Amino acid sequence: MCRSMRVSIFVCVLVSWLHPAPALAQVAAESVATGEKVTFRSDVLGEERTVVVRLPESYQTSARSYPVLYLLDGEYFLPAAVAAVQFLSENEYVHFAAMHQPVPELIVVGIINVDRNRDFTPTHAPVQGASRFPTSGSAGEFLQFLETELIPLIDSEYRTHPYRLLSGWSLGGLFTVHTFLERPDLFSAYIAISPSLWWDNRVMVQRADSLLSAGSITGKPLVVTLGALEGSGMSGSVRDNFVSLFGELPSGESPITYIEIPGEGHRYVPYKALFEGLRSLYSEWVMPDDVLAGGLDEVEEFYEDLSVRWDYRVELPESAYLRLASTVNDAESAVQIAILATQRYPLSSWAQFRLGRLYHRLGDLELAVDSYRKALALERAYDAPDSERLLSIESRLTELERETGVR
C-alpha cells in the first residue's frame with residue numbers, strides 16, 4: 001500500500017455538469033486536518049454549503065477510482081468515520097501481516113450542517129413531545145441538493161466510482177431511511193445509525209409498510225444499528241416496528257441487516273455502529289481460506305465473481321497476492337505471484353520486500369539484494385515510513401550484503 005499526505009490548497013471553478021443541474025458559483029477548497037474543506041453555493045437550498053473531503057492514502061499515487069461514503073453530521077462524526085475507514089481499509093499493521101483488509105479504500109465526504117432539523121426531517125412536525133422543530137420538513141429539498149449538486153460536484157472534482165454509501169445518525173439516520181425508501185437508486189448502500197423513526201407518529205415506518213405491501217421496496221442493502229441501552233421510543237420504532245416489517249419477507253429477500261451495539265446508548269453509539277456497519281456491508285469481501293488454497297486461478301475467479309455481484313470492479317488487493325505467494329508450495333510459482341504484486345502495486349515497499357525474501361530463499365542473491373534495495377528506497381520515500389518495516393528491510397539487506405560482499 002502506498003502512503004502519502006495530500007496537503008494542497010487550491011481554488012477550482014466548476015465549469016459544466018454532466019448531470020442536469022443549475023450552474024454553481026465558484027467552488028473553494030482548502031486543506032484542513034481531516035481533509036479538504038470545500039465550500040460552494042447551493043441554488044437548491046439558497047445558501048452556501050460546506051463539505052470536508054478525505055481522500056484515501058493511495059489516491060495521489062494511483063489512477064484508481066474510489067467508492068464514496070457520504071456522511072451526515074460531518075462536523076461531529078468525520079474524524080470517527082475517517083478512523084473507522086482507515087482501520088478497515090488502510091491498516092498498515094494488518095497489511096504488514098499480508099492480511100486482507102475487509103473494506104475497500106473509500107473517499108469520505110463529511111457534510112457540514114446548516115440546519116439539521118430542517119434538512120433531515122421528511123415532514124413538517126413542529127412539535128414532537130417536549131421538543132420543538134419549527135424549521136422541520138425539508139428533507140425533499142436536501143435530497144435534491146445531494147442528487148443534483150453535491151454528488152455531481154464530488155464526481156467532477158475527484159476520481160469517484162459510482163458505488164456510493166450514505167450514513168447518518170439520529171435525525172440523520174431518519175434521513176438515511178427516507179432516502180432508502182424514496183430514492184433508493186441514488187446510493188448503492190445505506191447505514192442508518194439509531195434512526196429517529198419515532199418522528200411524526202412513525203411516518204417512515206408507515207411509509208415502509210405501504211411500500212412493502214405494494215412490493216415496491218428496493219433490494220439495495222440497508223444496515224440499521226441501535227444501541228442496546230437506547231430508550232423504548234427508539235427501540236420500539238426501530239427494532240420492533242421498522243426492522244420487524246422486513247422480517248416478514250421470505251428468507252433471503254430482506255435488504256435489511258440489523259445490528260444491536262451492546263453497552264451503548266444513543267449518544268455514544270455512532271463510532272462503533274459505523275465500524276460494524278461497514279464490516280457488515282462488505283462482509284463478503286473477505287476471501288475465504290479455501291479459495292486461497294485453490295491457487296491464483298481461484299483467487300482471480302473469486303474477485304471476478306465479486307465484481308459481478310457488486311457491479312463494481314474489485315481489483316485483486318496486494319494482500320491477496322502476498323498471502324497466496326506465502327502459501328503456495330512451489331517456490332518458482334511463489335516468485336511469479338510476488339512479481340505480479342510488484343507490477344500491480346509498483347509503489348509498495350512491502351511487495352518488493354516479500355519478493356526479495358522469495359529470491360533469497362531460492363538462492364538468487366543478486367535479485368534479492370536488488371528487491372531489498374527497491375523496497376528500502378520506496379519505504380524511505382513515504383511521508384511516514386513504517387519503523388517496523390524499515391527495520392525489517394534494513395536488517396535483511398545488511399545481512400545479505402555482508403553475506404555476498406555486494407555494496
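Reader: In which hand does helix 12 pass helix 13 in this predicted model?
Author: The model is predicted. Helix 12 covers residues 331-344 and helix 13 covers residues 349-362. Helix 12 passes helix 13 in a crossing that is left-handed.

Reader: Are helix 12 and helix 13 roughly parallel or roughly antiparallel?
Author: Their axes come within 9 Å and cross at roughly 160 degrees. Angles over 145 degrees count as roughly antiparallel. Helix 12 and helix 13 are therefore roughly antiparallel.

Reader: Which residues of helix 13 make the contact with helix 12?
Author: Helix 12 brings A331, E332, A334, V335, A338, I339, A341 and T342. On the other side, helix 13 supplies A351, Q352, L355, L358, Y359 and L362.

Reader: Where does helix 11 stand to helix 13: roughly parallel or roughly antiparallel?
Author: Helix 11 spans residues 318-327. The axes of helix 11 and helix 13 come within 11 Å and cross at roughly 10 degrees. Angles under 35 degrees count as roughly parallel. So helix 11 and helix 13 are roughly parallel.

Reader: Which residues of helix 13 does helix 11 meet, and in which hand is the crossing?
Author: From helix 11 come E318, L322, A325 and S326. They meet W350, A351, R354 and L358 in helix 13. Helix 11 passes helix 13 in a crossing that is left-handed.

Reader: How many residues of helix 13 are buried?
Author: Helix 13 is mostly covered. Its buried residues include W350, A351, R354 and L358. Among them are also Q352, L355 and Y359. The count is 11 of 14.

Reader: What span does helix 13 reach, first C-alpha to last?
Author: Helix 13 has 14 residues. At 1.5 Å a residue, 20 Å is expected. The helix comes close to that, reaching 20 Å.

Reader: What span does helix 4 reach, and on which residue is its kink centred?
Author: Helix 4 runs over residues 139-157, 19 residues in total. The expected span is 27 Å, and helix 4 reaches 25 Å, close to it. Its kink is about 40 degrees. The kink is centred on L146.

Reader: Is L146 of helix 4 buried or exposed?
Author: The buried residues of helix 4 include F142, L143, F145 and L150. E149 and P152 are also among them. L146, where the kink is centred, is likewise listed as buried.

Reader: Is S170 buried or exposed?
Author: S170 lies in the loop between strand 9 (160-169) and helix 5 (171-182). Its phi is near 60 degrees, a positive value in a residue other than glycine. Relative accessibility is 9%, and the cut-off for buried is under 20%. So S170 counts as buried.

Reader: N201 also has a positive phi. Is N201 buried or exposed?
Author: N201 is found in helix 6, residues 199-213. Its phi is about 55 degrees, although N201 is not a glycine. Its relative accessible area is 64%, and over 50% counts as exposed. N201 is therefore exposed.

Reader: How far apart in space are T61 and Y345, C-alpha to C-alpha?
Author: T61 sits in the loop between strand 4 (47-54) and strand 5 (66-71). T61 is partly exposed, at 31% relative accessible area. In sequence, T61 and Y345 are 284 residues apart. In space, their C-alpha atoms are 9.9 Å apart.

Reader: What percentage of the residues in the protein chain count as buried?
Author: The protein chain holds 15 helices and 12 strands. Among contacts between residues at least 6 apart in sequence, 67% join residues at least 24 apart. The chain has 407 residues, and the buried portion is 53%.

Methods:
Residues numbered from 1 in each chain as written. Predicted model: local features only at pLDDT ≥ 70, side-chain atom pairs only at ≥ 80, totals over all residues. Heavy atoms only, no water. Helix = DSSP H or I, 4+ residues; strand = E, 2+ residues; numbered from the N terminus. Buried < 20%, exposed > 50% of the residue type's maximum accessible area, 1.4 Å probe, protein only. Expected span 1.5 Å × (residues − 1). Bend = angle between axes of the 7 residues up to and from the residue. Axes fitted to C-alpha atoms, helices over the stretch in contact; angles between N-to-C directions. Parallel < 35°, antiparallel > 145°, perpendicular 65-115°, else oblique. Left-handed = near helix turned anticlockwise from the far one by under 90°. Contact = heavy atoms within 4.5 Å.
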